[in-house]
Amino acid sequence: MTVASYARNTGGGPGESEPRRADVSDERRDWRQFVGFVPAAILFGVFFIAPLGLIVVYSFWVTKNYELVPAFTTNNYKTILTTSTYVRTFGKTVLMAFLATLTALALAFPFCYWLVRYVPKRMQRVGLLLVILPFWTSYLLRVYAWVAILGDNGAINSLLKALGLTNGPIRLFLYDNPGVFIVLVYLYFPFAALTLYASLERFDWRLLHAAVDLGATPMRALANTLLPQMRLAMVTAGIFVFIPILGEYLAPAAIGGTHGVMMGNLVANFFSGYLLPLGSAASVLIALVIFIVLIVFRRSLDTKDIYV
Amino acid sequence: MSRISEVKLSRRSFVGGALMLGAASPLLLSACSSGSNSSGGGSSAGGNVNWLTWSDHYSQDQLAKVADTTKITGQPKLFSDNADAFLQLKQTGSQFDQVSADALWVKKYMSEGLIEPFDLDSISSSSQLYSMARKFDFLNDPKGAIGYPFSWSTVQIYYNPDKLKTPPTSWESLTDPAYKGLIVAENIPTDLMAIAGIATGSKSPYAQTPDQISAASNFLSALKPNVVKLASQNNEIVTMMASGEAAIGISNLGTDVRVKDAGGPELKSAYPPEGTIGFIDSEMITAKGANKPLVKPFLDAMQQSEWIVQNFTTNWRPLFNEEAAKELTADPKTADNAKRLFMDNPEKALQMTLKGPAQDQQAYTETFNKVFGA
């Protein structure tokens, strides 16, 4: 339901049986409100829907001798879903995305809470600037910087050696799953923080005081007043973080070594080995998980909640 | 002049403007793209050569100098696996003018009609090549040359003796649990499957039977715990060996010199007694490239011996330019490495199993992914 239609549905006064002149005009103009959507629709149609459609089609084809053959088959899906390595990699990818999302939210929430409640407005901007600062450098650099931080000659090992705690380099997280996890949380923390900040900034803190005045403990006041109003922001932030992590390729490739492989790495191998149908089937399955997540959380994303 | 805040923008004009912008964007992008492509109809006019290649086929200063002298700018796009480049060329049509490939892949490109033959003599720098390199079967066709021979290398084992109690001696020895987390190799599924095939006794590593593929899979499974990382480009192997993050590298000739140049340790090499694979790189002219007339003058400038000398002293694997080999072996600073790394002995290139397309690419990639998945 749009804001306009919501207002229309609830706007009729008592005894008002005839639609007002403005309402008639609004209804007549209804189709025009979508015209503004056309450029975005063209953009998404050409650069998102069409390639996605192509990938779906490819996922039902086969390759023979480096040729794509349009012979309908569901074998690619069967292969992905019945090969233990692929299933394991798929499950690990979803789990990694889930855990990294939870951690990013868990870190972002107290940070934003502190920023909004205890930091003067002008300094909040500085805090936010620090959050988005990494975006000023390329994604590639941000990932490879972690190789330098976690590596044998990296910052952590150098510090430990300088402090006399180790004699030689120790492998801390690099080329394994924990390293990938840390880097993913680092990479996507700003998405969570910015979303939560935008919501916390608008929160009416008098509600908290009122709850405490009425006898609630501080934690209960938070749980009963702040968190329900943060639900939409939490879900949005979660989706912003979870979805891109599902398709991550570079972080596991650069940081994870042979232990940190995620589904994106296998898809890349399928594509570079000319196995477009298998790679496409794996990609469609990833997209399916995203679709399911969006379906599950669609109620939380209902914008009418904002105006209640 | 009116201020921006004073400009009144109606919804109609806003939507109209947005629509026009949306419609015009693809046209503008297309115009920019075709502009850069068509900027050189011939060698005298100059223009761009869009080039699918590896990072060790050029240097930035070389591209800049060649662009200065010929008005032809090489625009490299990198790939790692031959199959990847093959796929890109097949799907993009006229977008690329020149493509690099390993040995037996060249015939595959030709049979698919993706490249066109050319007269090697029409590229004057080809007179600097070893005569045997001009006659490689796989780089020639009845209609002419199909690949300009560039460089070659075997793939062998390099190791840091300071980090290993027992040095590796063969492919099989690399599965020793003592090497856990110490090996780095390039992420090229087809070639690693071929190495696994050689390690398990296959005589045709790029055309393994299902049983041989199964044996290769077992070998890779035993090898996996020892592999710390599959590198996306060869220079990552050099970086990891120089930093000490890997003690064993499955890599090209000259890796020891590159690691030393990068401030790393002294490496030793082991040539696996089971045999090995190797590459003979070449440059090809695409059949549909929008700027393909520029490729020959571009190649001519890029393949001059001065650049080949520079390439050797950067990447330290042999190339087929005889004139460059003479310069390198005559220079006391480079003579030792030039001789040790076979710059003056191109016949060695024919003793290895040449890289090529797998007979059953699907089985190769799937087997590899099943082993190296989570």
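**Helix packing, domains and chain contact in a predicted two-chain model**

In chain B, helix 7 passes helix 14 in a right-handed crossing (the near helix is turned clockwise from the far one by less than a right angle; anticlockwise would be left-handed). Helices here are DSSP runs of H or I with at least four residues, strands are E runs of at least two, and both are numbered from the N terminus. Helix 7 of chain B spans residues 210-223 and helix 14 of chain B spans 361-372; they pack at about 30°, axes 9 Å apart (axes are lines fitted to C-alpha atoms over the stretch in contact, and angles run from 0 to 180 degrees between N-to-C directions). That makes the pair roughly parallel, the label for angles under 35 degrees (over 145 is roughly antiparallel, 65 to 115 roughly perpendicular, the rest oblique). On the helix 7 side of chain B, the contact is made by Ile213(B), Ala216(B), Ser217(B), Leu220(B) and Ser221(B), and helix 14 of chain B brings Ala363(B), Thr367(B) and Val371(B). Contact means C-beta atoms, placed from the backbone, within 7 Å. By class, this contact has five nonpolar, three polar and no charged residues (nonpolar: Ala, Val, Leu, Ile, Met, Phe, Trp, Tyr, Cys and Pro; charged: Asp, Glu, Lys and Arg; polar: the others, Gly among them).

The model is predicted, with local features needing pLDDT of at least 70 and side-chain atom pairs 80 or more, while totals for chains, interfaces and linings use all residues. Residues are numbered from 1 along each chain as its sequence is written, and chains are lettered from A and ligands numbered from 1 in the order in which they are written.

Chain B is assigned domain 1 (47-152 + 280-354) and domain 2 (153-278 + 359-372), with bounds from an automatic or database assignment. Their C-alpha centres sit 25 Å apart, and 16 residues of domain 1 of chain B touch 22 of domain 2 of chain B.

Between the chains, 30 residues from chain A meet 30 from chain B. Helix 5 of chain A gives the most to the chain A side, with five residues. That side has 15 nonpolar, 12 polar and three charged residues.

As for confidence, the model scores ipTM 0.77 and pTM 0.81. Chain B averages a pLDDT (the predictor's confidence in each residue, from 0 to 100) of 89, and 88% of the residues score at least 70. Helix 7 of chain B comes out highest at 98, whereas helix 1 of chain B (residues 11-38) is lowest, at a mean of 49.

Note on methods
Contact = placed C-beta atoms within 7 Å.
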